[in-house]
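Please open the model in a viewer and keep the selection panel at hand. The stops below move from one selection to the next.

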Amino acid sequence: MSAQKKKAFQIEAFKHRVVVDPKYAEKTWKILEHAIHEIYNHNASGLSFEELYRNAYNMVLHKFGEKLYSGLVTTMTSHLKEISNSIEAAQGGLFLDELNRKWAEHNKALQMIRDILMYMDRTFIPNTHKTPVHELGLNLWRDVVIHSHAIQSRLQAILLENVRRERSGEVIDRGLMRSITKMLMDLGPSVYQDDFEKHFLEVSADFYRLESQEFIESCDCGEYLKKAERRLNEEIERVSHYLDTRSEVKITNVVETEMIESHMHRLVHMENSGLINMIVDEKFEDLGRMYCLFRRVSNGLVLIRDVMTSFIRDTGKQLLTDPERLKDPVDFVQHLLDLKDKYDKIITSAFRNDKTFQNALNSSFEYFINLNSRSPEFISLFVDDKLRKGLRGVTEEDVELVLDKVMMLFRYLQEKDVFEKYYKQHLAKRLLSGKSVSDDAERSLIVKLKTECGYQFTSKLEGMFTDMKTSQDTMQGFHASHGSDIGDGPMLSVQVLTTGSWPTQPITTCNLPAEILGICEKFRNYYLGTHTGRRLSWQTNMGTADLKATFGKGQKHELNVSTYQMCVLMLFNDADRLSYKEIEQVTEIPTSDLKRCLQSLACVKGKNVLRKEPMSKDIADTDTFLFNDKYTSKFFKVKIGTVAAQRESEPENQETRQRVEEDRKPQIEAAIVRIMKARRVLDHNNIVAEVTKQLQSRFLPNPVVIKKRIESLIEREFLERDKGDRKLYRYLA
Amino acid sequence: MVSQTIGNMLTSPGGFAEMELGEVTFPEISAVILEKICQYFYWALQYSRGKETEFHIEPELTLELMMAPNYLHT
């Protein structure tokens, strides 16, 4: 045992008096009841919080929590009944105000009560699963005041009336509205919804239904949309000021349905002001507004898109079948480009670059461009025009812009191989006549085509450029070695063309004048001397010549003519007068070519270096031609040569088409063989599908033609038919 | 918030006497206990400010010292 005196651990009884007073609970409750009264009467100052708190604490501690709670309910209820009466008594405009004020007071009282009854809230209530004080206070308010028969309907009516007044332009007390709706929200979302929101939406729907009907009868499309937009914004603003945020989407839905969705079709198709008119008149603001509004409604944009698409298709179709338009291909293509620009602009500035609209535009263009089988030819002619003169003096960037636009049209073509054929022809003419505005522009376009279609597409075109360059070098060599020989004789400039790269030309007859033959031979010997094993043939239908001519009064002119024309004109060095037959006999130029060349020499104003008897427009076999002594021109140099590429005549077009069809056959066959080699066995439908897929970047193969090619391949024993199933094919190695 | 009760007492709307007079009385809590509680409040403040010390409770106080915090919601 230690000497240190330990402090005894003492447990003492409660210092509080153990309560035996039976009336204890009642007395204590009375104190609290009194306090609640005072609180509701704004008399709480002077009361001791601690005392009240302690009393409530004691009641709960001594198991009188039930009495306390039910007492609270009763007391609060009776106070609220009083309050309810005083609100009901408020007249007209003061109703909301009174309601709002009493609500604020109730909240304050509730908090005070909750604070002093905190102990009960913490212990008794959770144990007995009763409603906590604060929530109880709200529920009682809701049941006794808000849902009192008189108040409930009146409140709803006044709130809706205020909204109606504001919608017709009156100013209302938004702060008050805010407090009331907030009160409803505090009482529970279902209270807000059932007591107010539901009716608000219904009434609004009616309102907008009526208003939209009015508007649609009296306004045009643009005005109507403006009004709809205004109302929509108004409602959004209304929500932000005094409604619950979750109401926004619901009310905007109402406006959208009543003002937009119900009248969608009528608006779009409105005469003189609907979608089509807006597009035609380029009303970007209105279109933008329509886009934004219709976007909110299901199928709104689909409607706009469909109407726009069918309009574009109709416009395009009209353009492509209008014989007047088709007479001038360059103009025609320019119109296509303008059309595309126009719609691009609409989509960018009004339709927010919406991808679905872009796609619709692209598919429309693809649709109608391919309606006319001449489109590939026309696009090539357009390019030809640009590269000959259209792009003269244009900056490099602008050149690129034009070429990119051309490429865009090119992509829409289904028959790209037809385009290739024409492009080759036109390019050949440009290169040989030296008429290209810019070599860089030419090459730039080739690069773009290569990027788009691959090396195959442009290899021959590039071959043409190479030939031109090589010929320049050859000519330099030729002149260096034979320069002295030529002397006074004609000057020769030769372009040597590799047969495979250039468009195939039929071989024509033409007897060159003696003077020319000499130098031509010299060149042939020179060339074959350095390139053995090659064969050269003169393309008399593609050449040009510059002739110096002296006329009657001594006036001299330099005439730029085609080779054929040169042969004809040289004849007039020995005779003043020649008949058609004579000319034909000596030159041996084919009939149609001869007639065409004579026509340009004799029948065109300003270029008639020959006179024709009779003076008719066309060349007849019986015509006679005379040298036109009296020819005058203000220019020294006169161009009479073959004109620039022109749109083909019908028969020429047929011919080209045929050649294209012929070219397609081996391509189809190659595709079939490729596919069968990989798959070994395949049925008919699948072959057709695969072939189409492989070739569609060049052209759309005709299933009938595919079938024929398959049969030809079977005959040539590349494939065989399956013995059992006629539709199945097998690859023969 | 160390004592919810005292906090409410002083912040409850409506102007209870305590707030108006600035004085709080606890007639049912003995001075010794109340003193200990005040010490606790101070210690809690220091602790929250980083001063981590021990709070010593005399054993003979423990029982009553359990009732008071319950009352004060501490």
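Which side chains meet in a salt bridge with A:Arg54? The partner is B:Glu28, with N to O at 3.9 Å; a salt bridge here is a side-chain nitrogen of Lys or Arg within 4 Å of a carboxyl oxygen of Asp or Glu.

Before moving on, please note that this is a predicted model, in which local features need pLDDT of at least 70 and side-chain atom pairs count only at pLDDT 80 or more, while totals for chains, interfaces and linings use all residues. Residues are numbered from 1 along each chain as its sequence is written, chains are lettered from A and ligands numbered from 1 in the order in which they are written, and side-chain values use heavy atoms, with hydrogens and water left out.

**First stop: chain B**

Select chain B alone. Chain B has four helices and zero strands, where helices (H or I, at least four residues) and strands (E, at least two) are DSSP runs, numbered from the N terminus. Read from the N terminus, the order of elements is α-α-α-α. The C-alpha trace of chain B spans about 40 × 30 × 15 Å along its principal axes.

**Second stop: where chain B meets chain A**

Now display both chains and select the residues in contact (heavy atoms within 4.5 Å). The selection should hold 25 residues from chain B and 26 residues from chain A. Between them the two chains bury about 2,400 Å², and 60% of this lies on carbon and sulfur atoms. Buried area is the accessible area (1.4 Å probe) that two parts lose on being put together, summed over both. Within chain B, the residues that lose the most area to chain A are B:Phe16, B:Glu28 and B:Tyr71, which together give 27% of what that side buries.

Return to B:Glu28, whose side chain meets that of A:Arg54. The count between chain B and chain A is one salt bridge. Across this interface there are also 11 residue pairs in polar contact, both residues being at pLDDT 80 or more. A polar contact is a pair of N or O atoms within 3.5 Å; within protein, one must be able to donate a hydrogen and the other to accept it, and residues adjacent in sequence count only if both atoms are side-chain atoms.

Colour the helices of chain B next. Helix H1 (4–11), helix H2 (17–21) and helix H4 (64–72) each supply at least two residues of the side that touches chain A. That side of chain B divides into 10 nonpolar, 10 polar and five charged residues. In this division Ala, Val, Leu, Ile, Met, Phe, Trp, Tyr, Cys and Pro count as nonpolar, Asp, Glu, Lys and Arg as charged, and the others, Gly among them, as polar.

**Third stop: a mixed sheet in chain A**

Select residues 544–550, 556–562 and 637–639 of chain A. Three strands form an open sheet here, in the order S1-S2-S6, with mixed pairing; two strands pair if DSSP finds at least two bridges between them. At the edges are S1 and S6 of chain A, each pairing on one side only. S2(A) and S6(A) pair in the parallel sense over three bridges, and A:Glu558 has A:Lys637 in S6(A) as its bridge partner. Add helix H25 (residues 563–571) of chain A, which packs on the sheet and touches S1 and S2; its direction makes about 130 degrees with that of S2(A). Axes are lines fitted to C-alpha atoms, for helices over the stretch in contact, and angles run from 0 to 180 degrees between N-to-C directions.

**Fourth stop: an antiparallel sheet in chain A**

A further open sheet of three strands has the order S3-S5-S4, with antiparallel pairing. Strand S3 (577–579) and strand S4 (610–613) of chain A each have a single partner strand, so one side of each is left without a neighbour in the sheet. Four bridges join S4(A) to strand S5 (residues 624–627), with A:Lys612 opposite A:Phe625. Three bridges join S3(A) to S5(A), and there A:Arg577 stands opposite A:Leu626.

Two helices may be added. Helix H26 (residues 580–587) of chain A lies across S3 and S5, at about 85 degrees to S3(A). Helix H27 (residues 591–602) of chain A touches S4 and S5, and its direction makes about 110 degrees with that of S4(A).

Finally, select A:Pro614, in the loop between S4 and S5 of chain A. A cis peptide bond joins A:Glu613 to A:Pro614, with omega about -5 degrees.
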